[in-house]
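Student: May I ask for a close look at a single part of this structure, with its neighbours and its surroundings explained in turn?

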Amino acid sequence: MPVILAIESSCDDTSASVCVDGKVLSNVIANQSIHEAYGGVVPELASRVHQQNIVPAVQQALAKAKVSKNAVDAVAFTRGPGLLGSLLVGVSFAKAFALARNIPLIEVNHMQAHVLAHFIGDNKPSFPFLCLTVSGGHTQIVLVKDYFDMEVVGQTLDDAAGEAMDKTSKILGLPYPGGPLIDKNARLGNPAAYKFPEPQIPGLDFSFSGLKTSILYFIRDNVAQNPDFIAENINDICASVEHRIVTILLNKLKKAAEHYGVKDIALAGGVSANTGLRLGTKAMCDKYGWNCFIPEMQYCTDNAGMIAIAGYHKYLKGEFAPQSVAPLARMPM
Ligand code: KG4
Ligand code: ZN
């Protein structure tokens with residue numbers, strides 16, 4: 001009955017979680033609002049705020065799970081990929097905790113953990129399944145053959161889907177992070193109001209940079225004619241952009257499902273919190289008779305619960321990291 005303490009600090013959220021015998025009992029997330037003023041995450045500020053948040057986040061995670069720090073059997077942490085300074089805070093904390101208590105360390109790949117978030121609840125996909133992992137930094141279609149046997153079969157050649165959401169919101173003058181605001185406005189708009197181009201990329205790869213440029217020119221040209229264009233049409237613009245991003249993602253996901261003959265389809269990563277993507281994926285799965293797996297909201301965006309469940313499965317395999325382990329800004333699946 002292992003008790004695992006997990007730490008996630010790859011970007012701008014400091015998170016701690018406690019998992020007992022494969023059940024995630026707490027998932028504390030401290031968001032950093034400091035970056036809003038800069039329109040994006042400032043790495044140096046992120047690592048400083050992680051330093052302030054990490055001890056209280058761990059204390060709360062232990063308290064919520066009603067677990068004493070002396071009962072922890074292993075510490076799991078995000079090794080990468082992510083911002084080096086941010087990762088360093090979590091890795092250093094995990095190492096110190098493990099050293100002080102003389103317990104093992106478990107390194108976790110953040111992108112694998114997003115996929116493994118599907119094993120937190122009772123409704124679990126069966127191997128092999130396909131997972132569309134969409135976040136601020138990644139857009140991947142992953143063929144998941146086993147807990148730690150994952151193959152990226154499609155990915156973005158330039159911007160990530162979340163980046164496309166965030167850059168669009170910046171063009172529209174909305175605050176960072178823009179994804180949730182695009183989602184909110186899109187619910188009140190007409191997705192067919194404006195047509196944005198679908199990139200013609202062969203295979204299962206994606207591209208979002210052309211879409212970003214076409215949105216930029218579309219807004220620039222319309223604002224030149226009517227300075228109030230954005231304010232008057234914000235809901236329709238958001239609905240149309242979201243619709244295009246979702247159709248780009250789902251067309252490739254459908255192609256991958258058909259190609260690999262896989263019937264269990266999953267979403268992961270921050271953009272899987274998007275209402276249009278969640279509804280669209282469900283509708284597609286219903287249409288083709290596929291099983292659809294979408295994580296609970298708290299396990300979509302960055303969280304330590306997913307690090308805890310990944311850590312639990314590594315604990316079962318007896319895969320531990322040495323005290324000399326260092327964070328990795330880039331870390332392949
Ligand atoms: O996985 P995540 O929390 O952090 C990374 O590892 O990047 O993903 C963050 C991304 C951001 O781009 C954010 O705008 C987007 O997820 N996002 C959303 C929504 N919630 C978060 N995008 C669209 N709709 C949402 N509801
Ligand atoms: Zn993430």
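Tutor: In this predicted model, I4 of strand β1 stands opposite C19 in strand β2. Strands here are DSSP runs (E, at least two residues), numbered from the N terminus. β1 covers residues 3-8, and β2 covers residues 14-20. The two strands pair in the antiparallel sense, with 6 bridges between them; to pair, two strands need at least two bridges found by DSSP. The connection from β1 to β2 is a hairpin of 5 residues.

β1 has a further partner in strand β4, which comprises residues 74-80. Here β1 and β4 run parallel, and 4 bridges join them. One position illustrates this pairing: I7 has F77 in β4 as its bridge partner.

The side chains of β1 may be considered next. V3, L5 and I7 point one way from the strand, while I4, A6 and E8 point the other way. Residues on both sides are buried, that is, under 20% relative accessible area, with exposed set at over 50% and partly exposed in between (1.4 Å probe, protein chains only). Because 6 of the 6 residues of β1 are buried, the strand is largely enclosed by the rest of the structure. E8 is thus among the buried residues, as is I4, the residue opposite C19.

Residues are numbered from 1 along each chain as its sequence is written, chains are lettered from A and ligands numbered from 1 in the order written. Local features need pLDDT of at least 70, side-chain atom pairs count only at pLDDT 80 or more, and totals for chains, interfaces and linings use all residues, while side-chain values use heavy atoms, leaving out hydrogens and water.
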